[in-house]
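How do the aromatic rings of a protein pair up, and where do charges meet them? Please look at the sequence and structure below with that in mind.

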Amino acid sequence: MNFPRLMKSATLGATLTMALMGSAFAAATHPVTGETLAENQVLRMRLLDGIPSLDPQLMEDVTGFSFARDLFEGLLNQDADGNLVPGVAESWSANETNDVYTFNLRHNAKWSNGDPVTAHDFVYAWQRSVDPELASPYSWYVDLMSLKNASQILSGDMDKSELGVRAVDDYTFEVSLTAPLPYFASMTVLATVFPVHKATIEAHGAEWTRPENMVSNGAYKLTEWVLKERTVRERNPMYWNNEATIIDRVETQVINDENVAFTRYLAGELDTTAVPSGQFIRLKKERPDETLSLPYLGSYYYSFNMDASGPEAFKDVRVRQALSYAVDRNVITDNILQGGQRPAYNVTPAATAGFVDPKTDYASWTQDERDAKAKELLAQAGYGADNPLEFNLLYNTSETHKKIATAISAMWSQKLGVNAIPTNMEWKTMLETGRNKDFDMIRYAWIGDYNEASTFLDLHRTGGAQNWASYANPEVDALLDEAKTSSDPNPAYTKIEQLLARDMPVMPIYHYTSVMMKNPALKGWPMENVQQNWYAKDMYFTAN
């Protein structure tokens with residue numbers, strides 16, 4: 001399989017250099033659109049929480065991954081429509097059996113200290129991602145990529161040097177897979193497999209991500225990081241396509257309260273922020289050019305703790321089904337969120353490329369039918385007025401998460417006499433709590449790492465790092481393996497969804513849209529990219 005080399009970015013860079021003549025933006029126009037560019041090219045954004053890590057191989061959250069796409073550059077990027085485009089790799093191809101991929105790296109890619117970016121940097125980073133000593137929370141992802149020997153390395157049976165990657169020469173990176181994987185190239189867009197600078201890590205250890213130490217290869221470099229407060233990243237003059245970059249600086253501020261953030265947006269202090277829950281319809285009428293509901297590849301759900309450490313009640317499938325059935329998802333999407341989100345009765349969003357939306361039994365019932373079945377199942381499990389079910393419902397601090405947890409707890413109380421106690425926790429702490437199985441029920445969500453159903457379904461593999469429910473079903477595992485090498489994985493995916501709906505290890509609540517406020521002068525946001533993978537280097541501000 002061969003992929004054409006795309007040179008649009010390089011052409012744009014040369015054109016933009018001539019158009020802007022350095023950084024004098026005051027009277028400059030965009031070389032493609034002809035729009036007059038604003039003199040001030042500073043992007044100001046809000047973060048809900050602080051960033052747990054800026055090490056690509058230690059990241060596991062959507063916000064961290066967005067930082068990584070600015071600070072580092074992997075083999076490939078995405079364009080505004082979600083298509084693959086060159087990153088450090090100018091071109092890439094697969095052999096006839098599609099189990100060996102070769103990436104040809106550009107010779108002008110540099111680290112922020114001027115060192116060349118080579119195939120050896122990718123070998124180092126990819127081996128680092130599966131190194132048991134590092135214990136990357138996303139090491140499972142490399143195994144999911146079907147890299148040769150990844151499973152054996154993760155289990156401790158092989159050394160990381162045996163991973164199926166090698167530098168053929170300084171600018172040729174080769175990857176060997178255990179089986180053909182048609183969507184493999186799209187999986188390289190994630191930060192887990194971005195290159196890192198070996199000498200910097202060896203010199204500074206865990207402190208290598210501090211602004212004064214970090215050496216990166218992306219369009220921006222980190223210049224400020226105050227934990228749980230703010231970050232600043234500024235243009236990297238060593239970036240191979242710096243001439244095509246227009247945004248000079250990206251500033252982020254941690255603002256936990258969405259209403260405070262919205263007020264600051266209205267005051268002109270932020271260029272993007274979330275739409276406060278329940279206000280989308282009003283704001284869309286009042287500010288149609290600023291209020292957006294974009295396609296987004298994500299699922300919002302509650303996970304039961306079925307581990308030995310979890311509540312005994314949640315080991316009974318009837319309890320899990322009852323709690324799920326009693327949730328009126330339309331109330332969540334239509335009354336609380338109001339941003340085009342879809343009620344979820346299965347794990348994988350319908351927007352996923354090539355995915356055939358399955359028909360799960362309870363999706364076709366009326367809410368009255370679901371409520372009646374919930375009462376019946378909970379009574380069968382032995383819970384009622386004489387033996388009320390009680391547990392803690394954990395969510396990370398957010399006004400929207402709080403509203404949803406409050407509403408669902410009220411549904412359970414009114415319909416089933418269940419006492420669910422909503423409890424909030426800071427994001428990083430909640431991640432640790434989830435991994436440690438120290439919860440009863442936990443709010444979680446998954447945003448697709450790549451646009452294929454396995455990014456959602458493989459989370460439920462027995463023993464998986466993101467399988468916080470501790471769900472174990474050999475039939476699901478076998479179907480996941482079958483789908484990986486099938487020319488048509490949808491029959492396997494449909495069966496997996498049906499098994500998950502039957503066993504209910506997690507409770508799907510809704511499928512996402514990206515609902516946001518955006519400064520109309522900010523252009524280049526990837527409106528049609530269902531993963532909402534954005535790159536500041538591709539954006540710009542027009543003059544008012």
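This report covers aromatic pairs, a ring cluster and charges over rings.

## Aromatic pairs

The model is predicted. It holds 30 aromatic pairs. A pair of aromatic rings is described by the distance of the centres and the angle of the planes.

Take Phe65 and Tyr138. Their ring centres are 5.3 Å apart. The planes stand at 80°, so this pair is edge-to-face; the cut-off for that class is over 60 degrees. Phe65 belongs to helix H2, residues 62–71. Tyr138 sits in the loop between helix H3 (119–129) and helix H4 (139–144). The pair therefore ties together parts that lie 73 residues apart in sequence. Both Phe65 and Tyr138 are buried.

## A tilted pair

Tyr510 and Tyr512 also pair, with ring centres 5.2 Å apart. Their planes are at 55°, so the pair counts as tilted.

Are these two residues buried or exposed? Tyr510 has 4% relative accessibility and so counts as buried. Tyr512, at 18%, counts as buried too, because the cut-off is under 20%.

## The ring cluster

Phe65 and Tyr138 are also members of a cluster linked by ring pairs. Its other members are Trp140, Tyr141, Tyr183, Tyr301, Tyr444, Trp446, Tyr450 and Trp468.

## Charges over rings

Two residues place a charged end over a ring. Arg233 does so at Phe67, with its charged end 4.1 Å from the ring centre. Lys537 does so at Tyr535, where the distance to the ring centre is 5.2 Å.

Definitions and conventions
Residues are numbered from 1 along each chain as its sequence is written. This is a predicted model: local features need pLDDT of at least 70, side-chain atom pairs count only at pLDDT 80 or more; totals for chains, interfaces and linings use all residues. Side-chain values use heavy atoms; hydrogens and water are left out. Rings of Phe, Tyr and Trp (its six-membered ring) pair if their centres lie within 6.5 Å; planes under 30 degrees apart count as stacked, over 60 as edge-to-face and the rest as tilted. Helices (H or I, at least four residues) and strands (E, at least two) are DSSP runs, numbered from the N terminus. Buried means under 20% relative accessible area, exposed over 50%, partly exposed in between (1.4 Å probe, protein chains only). A charge sits over a ring if NZ of Lys or CZ of Arg is within 6 Å of the ring centre and within 35 degrees of the ring normal.
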